[in-house]
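Please describe how the chain divides into domains, what lies between them, and where the nonpolar cores are found.

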Amino acid sequence: MKQKLVVLTGAGISAESGLKTFRDSDGLWEGYDINDVATPEAWERNPALVQEFYNMRRKQVLEAEPNAAHYALAKLEEKYDVTIVTQNIDDLHERAGSTNVVHLHGIITRSQSSKNPRLTYPIKGWELRMGELCRLGSQLRPHVVWFGEMVPMIEPAAKICSQAEVFILVGSSLAVYPASGLINYVPGNVPRYIVDPKIPAVYGVPDLIKIEEKATIGLPVLVDELMK
Ligand code: NAD
């Protein structure tokens with residue numbers, strides 16, 4: 001039986017693949033206020049702008065490549081039963097070879113019915129157009145969880161964290177609720193690592209092993225240690 005190793009990742013792990021985080025740029029995401037592009041209200045007000053914003057993000061994601069940190073996590077599967085819970089909407093973990101990835105906030109390579117969030121479809125290429133409809137006849141939107149929306153995967157993710165035997169947090173400011181609470185589900189006797197060049201404040205979690213490095217530097221070293 002392999003040990004259960006759970007990794008919670010955030011935007012920081014994809015930063016070195018060229019995908020910007022937004023906490024590092026004053027709360028803006030690629031120059032946009034998130035209230036204008038990543039909320040249900042923004043979609044109500046100006047769906048074409050929201051669609052265009054995510055088309056640009058999708059184009060960037062498709063042009064980006066996984067980095068050494070994504071590959072290091074994929075390698076852990078040789079020794080551990082690995083689950084990656086990611087806040088990211090990119091598909092870089094999968095492209096690096098990780099086989100068990102839970103996307104808390106959806107994935108940008110799929111579209112979603114604006115009537116029924118459970119109806120999702122793969123997107124061919126980078127562009128999702130206004131006028132493209134789901135089978136219920138409603139406009140397709142990006143399959144991502146916007147600020148203010150429910151996070152349907154939060155309960156399965158909490159259960160996964162509660163079963164961790166080793167836990168790694170990488171590249172998240174822990175500023176986005178409810179993902180920020182997941183670390184509190186990890187049992188207290190489990191080794192817990194955090195890799196981030198700017199370690200965020202983590203409350204109520206003693207004995208965190210802090211690796212104050214960029215993901216591509218800190219994770220390969222940590223993975224080598226864990227593979228011994
Ligand atoms: P965040 O932007 O709030 O915080 C980024 C964290 O990554 C910070 O703690 C920062 O110090 C750290 N970081 C920066 N460069 C790093 C590096 N090279 N290596 C390791 N860590 C690094 O990110 P978040 O906590 O994930 O919250 C942002 C939200 O925005 C998420 O919900 C996510 O869905 C969304 N988002 C996703 C992407 C993506 O899919 N790639 C990109 C931007 C934002």
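The report below takes the domains, then their interface, then the cores.

This is a predicted model, in which local features need pLDDT of at least 70 and side-chain atom pairs count only at pLDDT 80 or more, while totals for chains, interfaces and linings use all residues. Residues are numbered from 1 along each chain as its sequence is written, and side-chain values use heavy atoms, with hydrogens and water left out.

The domain assignment, whose bounds come from an automatic or database source, gives two discontinuous stretches:

| Domain | Residues |
|---|---|
| domain 1 | 1-19 + 66-105 + 152-228 |
| domain 2 | 20-63 + 110-144 |

The centres of domain 1 and domain 2, taken over C-alpha atoms, are 25 Å apart, and the contact (heavy atoms within 4.5 Å) takes 13 residues from domain 1 and 10 residues from domain 2. About 860 Å² is buried between them, 67% of it from carbon and sulfur atoms; buried area is the accessible area (1.4 Å probe) that two parts lose on being put together, summed over both. In domain 1, Leu 19, Ile 89 and Arg 95 lose the most area to domain 2, together 49% of what that side buries.

The largest nonpolar core has 23 residues, and Val 85, Phe 167 and Leu 182 have the most contacts inside it. Such a core is a set of buried Ala, Val, Leu, Ile, Met, Phe, Trp, Tyr and Cys residues joined through side-chain atoms within 4.5 Å, buried being under 20% relative accessible area (1.4 Å probe, protein chains only). A second, separate core of 22 residues includes Leu 5, Leu 73, Val 101 and Val 166.

Notes:
Buried < 20%, exposed > 50% of the residue type's maximum accessible area, 1.4 Å probe, protein only.
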